[in-house]
Structures are given as structure tokens and as C-alpha cells.
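This briefing covers one protein chain. Please look over the sequence and the structure before reading the notes below.

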Amino acid sequence: MSLGRACATAAVDWESVMRRGILLAGLAVMALGASGCSRIQQNQGYLIDETLLTSIQPGVDNRESVAKTLGRPTFAAQFDDGEWYYISRNTGQYAFARPKVTQQSILVISFDKAGAVTKVERRGMEQIARIDPVKDKTPTLGRDSNFFEDLFGNIGSVGAGGGPMGGGTGRDGPK
């Protein structure tokens, strides 16, 4: 075999190795990218047991029996202690996206002044409120400045009062 033919054979083998390497690298990148597309599920809050929930009867149960049956509430009314809230929420999200609520259940148990159950009601997704504050910028009083004005705005004004020993006015007025 001649030297030229041996070099050509080695070059062909090198090309085949490079193609395989690029193919494997491409497959690895695709697999890594596809793993970011899986949905992340998250359950938060109180898990409602239907059997226990149906055992709570208005006029029969009181705060103590509800606490023994369902446990402590997620939230209680702040000022009058007239309602207990049991909240359950399921969310899902992809990779770096914001979580979105897929299911929500709010169990509201109302009590009278004596502590007896007056009402048991269930609420769902209709109770979700989307609050959209001003995007990315908080309005303030004063002048608008950009990044470079903020960065270089004090050049020339530092030490303009004459320095620590020189004249000018300081924090406490003229020296």
C-alpha cells in the first residue's frame, strides 16, 4: 500500500469518527432539551377527603369537632373567627416558565357566635384573581434617567464643594 493511499484511508476514518461525534453530540443536546419540556406538577395545601367533608353537618358540628375531623384550617378569618378556610392548589410548569394553577379547591366552613357550624361551601377556580401590576417599571417622582446617566451622572460633582479643607458650603452650611 502506498503512503498516499494510507493517508487517504486514515482521512476517511477520521471523517467517520467526526460524523459520529457530531451525531452523538446532537443527540445529547436534543435529549437535554427535551428533558426541559417535561411538566413539573406540584400539590400545595390541604388534601380534601370527601368522606370526612360530608360528615361535617351545619347545626350539628362545632369548631372543636371540625378541628378533630378535618384538622386545623389553612387560614382562619382574621377579625371575627367566623370562617375557616381549607385551601388546596395544584400547579404545573415547564422548565423556567411561571407556574400555572391547574386546579384549586377552597373549602369554607362558617361558624356562628357560639361556634356551631352554619354553612359548608366549596369554591374552585372562579376564586383566582390575576393581579397584574405595572410591568418591569415602578413609576416614581423625579426625573427619568437611563443606565449611563445613573452610572456617570456624578462625574464632576464629587469634590466640587472645595474638598474637606477648602471653602464652599458643606453639609452644615458655609464654613
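The notes below go from the whole chain to strand pairing, then to selected residues.

The model is predicted. The chain holds 4 helices and 7 strands, and their order along the sequence is α-β-α-α-β-β-β-β-α-β-β. Of the 175 residues in the chain, 15% are buried.

**Whole chain**
- The accessible surface of the chain is about 14000 Å², and carbon and sulfur atoms account for 59% of that surface.
- Among contacts in the chain with a separation of 6 or more, 43% are between residues 24 or more positions apart.

**Strand E3 and its partners**
- Strand E1, residues 39-45, is antiparallel to strand E3, residues 83-94, and 7 bridges join the two.
- Strand E2, made of residues 75-76, also runs antiparallel to E3, with 2 bridges between them.
- E3 is joined to strand E4, residues 100-111, by 10 bridges, again in an antiparallel arrangement.

**Residues that face each other across strands**
- Asn 90 of E3 stands opposite Asn 43, and Asn 90 also stands opposite Gln 103 in E4.
- In the pairing of E2 with E3, Phe 75 stands opposite Tyr 85.

**Hairpins**
- The hairpin of E2 and E3 has 6 residues between the strands; in this hairpin Asp 81 takes a positive phi near 55 degrees.
- The hairpin of E3 and E4 has 5 residues between the strands, and here the residue with a positive phi is Ala 95, near 30 degrees.

**Ser 105**
- Ser 105 is part of strand E4.
- Ser 105 counts as buried because its relative accessibility is 14%, and the cut-off for buried is under 20%.
- Leaving aside residues up to four places away in sequence, Ser 105 touches Ile 48, Tyr 86, Ile 87, Ser 88, Arg 122 and Arg 123.

**Phe 152 and the nonpolar patch**
- Phe 147, Phe 148, Leu 151, Phe 152 and Ile 155 make a nonpolar patch of about 600 Å² on the surface.
- Phe 152, one of the patch residues, is found in helix H4, which covers residues 147-152.
- The relative accessible area of Phe 152 is 46%, so this residue is classed as partly exposed: the value falls between the cut-offs of 20% for buried and 50% for exposed.

Conventions. Residues numbered from 1 in each chain as written. Predicted model: local features only at pLDDT ≥ 70, side-chain atom pairs only at ≥ 80, totals over all residues. Heavy atoms only, no water. Pairing = 2+ DSSP bridges. Patch = residues over 30% accessible without salt bridge, like charges linked within 9 Å, V, L, I, M, F, W, Y side chains within 5 Å. Areas by Shrake-Rupley, 256 points an atom, 1.4 Å probe, with all protein chains shown as cover. Salt bridge = Lys/Arg side-chain N within 4 Å of Asp/Glu carboxyl O. Buried < 20%, exposed > 50% of the residue type's maximum accessible area, 1.4 Å probe, protein only. Contact = heavy atoms within 4.5 Å.
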